[in-house]
Amino acid sequence: MARNFLVETSRSWGFRPSDPASFEQACSIPWTLVSEELHYRKVHQFRANRKAYEDSLPRGRRSIEGMRPMELVVGDVHPIDIHLTRADGSICTAKLIGFLDWATGRVWCDLIAFDTRGGVNNRDVIEVFAAMVEHPAFGLPEALYIDNGKEYGFATYLDDAMTLTVPGFHGPGRSTRVINALPYNAPAKPIERWFGDFESRYLSTLPGWISGNRMNKRQEAIGRTVAPYGTFEDFVPAFFGLLKAYHSVPMGKQSGLKGLSPNTTFQKHVAAGWSAITMSRDEVRAAVARRVERTVIQGAIKLRGRRWTCEELWQYAHEKVLVCEPVYHTPAELLLLDMKGKRLGIATPDVALHPLDHRGTQSTAARAKAHRDAIVDMARSVPNIDVAARLITLGRDQPVVIPNQPTGKMLLEPV
């Protein structure tokens, strides 16, 4: 191409050689000259293949020395390259929703498969995240490193909404800090490397593996694609069996775990006193919510056409509450806050009972007693005030306004 360019350029300037064949041969560009310009390939890569360019950028080294478990958790979604069969006989692959604890190399994840074409949404990611936060070996991450994809939209609520109030915990409240990855920055996320290693070292041992190149799938024989492993239900226990093996196998020194397995690394932190801060799944779901103001009427509130109540509302003396309305779920429970943002309680649907149902009488009595007890308790700190006496005193102490003399006096004279 360089030779042809030189020939055509020379001719465009009016040069007409007597021996065109010899001229074209003389225009051959030496490899030594070409090799001196090879670094300009980076410009083309920058313009046409941004991901490859970003992967080749100079990077600083990272160390997990001194890092605590769950100090930084990296989340991502990854397709599993194993053929599975749906109920209708069609072929599909599962999706993996994973969270990697950078300090220990442990992975919390779950699998999802779709009966038809579909993608992972916020609700799917929330459920996996909530299960991790509830588990005592993982718990709430101090920082969450995720992509900017729409399936992570729920994370925008975590910074403000997941501040903890833990009974018996006297340290400062803590929220999960969310860090969004830069575009084309996969090498900065260790979970991307984990996906590749787990695929090649563990999942590749299972039947049905098609390798990571979807455009050039692995074949059992020429022209015959890989037979499916089985159904999704068949695959799930095999996957988690391999994951359990991964957690037990010593890692290479380049992983930062110094030749230890993820489980052994975690055990060392446990022995040093580390423990998780957990949160129930329902409260995680409630945390991923917008705050809306509602009026308390007879110990209940209304939201989405339903009445909601709880014992804390029966005792509540103010008129307004803040309701954490889930953004991505149909709520079974609602987290309630007072107007200062302090946790009040968890409200559930207020179910109407039959007039002859004795539980209705018991519920009404319990609500009335709770409200009365709260008011009586408040009354202990409120002095008795004789409002009428204070009003009389106020009126008595006011200065008398002396009027001006009348301008005139009207007389009634009958006509």
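## Exposure and the residue Arg304

A residue is called buried when its relative accessible area is under 20%, exposed when that area is over 50%, and partly exposed when the value falls in between. Arg304 has a relative accessible area of 42%, and therefore counts as partly exposed. The structure discussed here is a predicted model, and within this model Arg304 belongs to the loop between β12 (300-303) and β13 (306-309). Although Arg304 is not a glycine, its phi is positive, at about 55°.

## A second positive phi

Lys258 is also a residue other than glycine with a positive phi, in this case a value near 60°. The loop that holds Lys258 runs between two helices, α9 (232-248) and α10 (262-271). Is Lys258 buried or exposed? Its relative accessible area is 60%, so Lys258 is exposed.

## A sheet of three strands

Three strands form an open sheet in the order β3-β2-β10, and the pairing within this sheet is mixed. The edges are taken by β3 (91-92) and β10 (230-231), each of which pairs on one side only.

Strand β2, which covers residues 84-85, is joined to β3 by two bridges, and these two strands run antiparallel. Which residue of β3 is the bridge partner of Thr85? The partner is Ile91, so named in the pairing of Thr85 with β3.

## Buried residues

His78 is part of strand β1, which spans residues 73-79. With a relative accessibility of 17%, His78 counts as buried, because the limit for that word is set at under 20%. Once its neighbours within four places in sequence are left aside, His78 is in contact with Ala94, Lys95, Leu96, Phe195 and Glu199.

Two cysteines can be described in a similar way. Cys92 is buried, since its relative accessible area is 9%, and Cys310 is buried as well, with a relative accessible area of 8%. As for disulfides, the structure holds zero of them.

## Confidence in the model

A careful reading of a predicted model also takes its confidence scores into account. The average pLDDT of the protein is 82, and 84% of the residues score at least 70. Over residues 164-173, however, pLDDT stays under 50, and for this stretch the model has eight contacts beyond four places in sequence.

Notes. Residues are numbered from 1 along each chain as its sequence is written. This is a predicted model: local features need pLDDT of at least 70, side-chain atom pairs count only at pLDDT 80 or more; totals for chains, interfaces and linings use all residues. Side-chain values use heavy atoms; hydrogens and water are left out. Two strands pair if DSSP finds at least two bridges between them. Helices (H or I, at least four residues) and strands (E, at least two) are DSSP runs, numbered from the N terminus. Buried means under 20% relative accessible area, exposed over 50%, partly exposed in between (1.4 Å probe, protein chains only). Contact means heavy atoms within 4.5 Å. pLDDT is the predictor's confidence in each residue, from 0 to 100. A disulfide is a pair of cysteine sulfur atoms within 2.5 Å.
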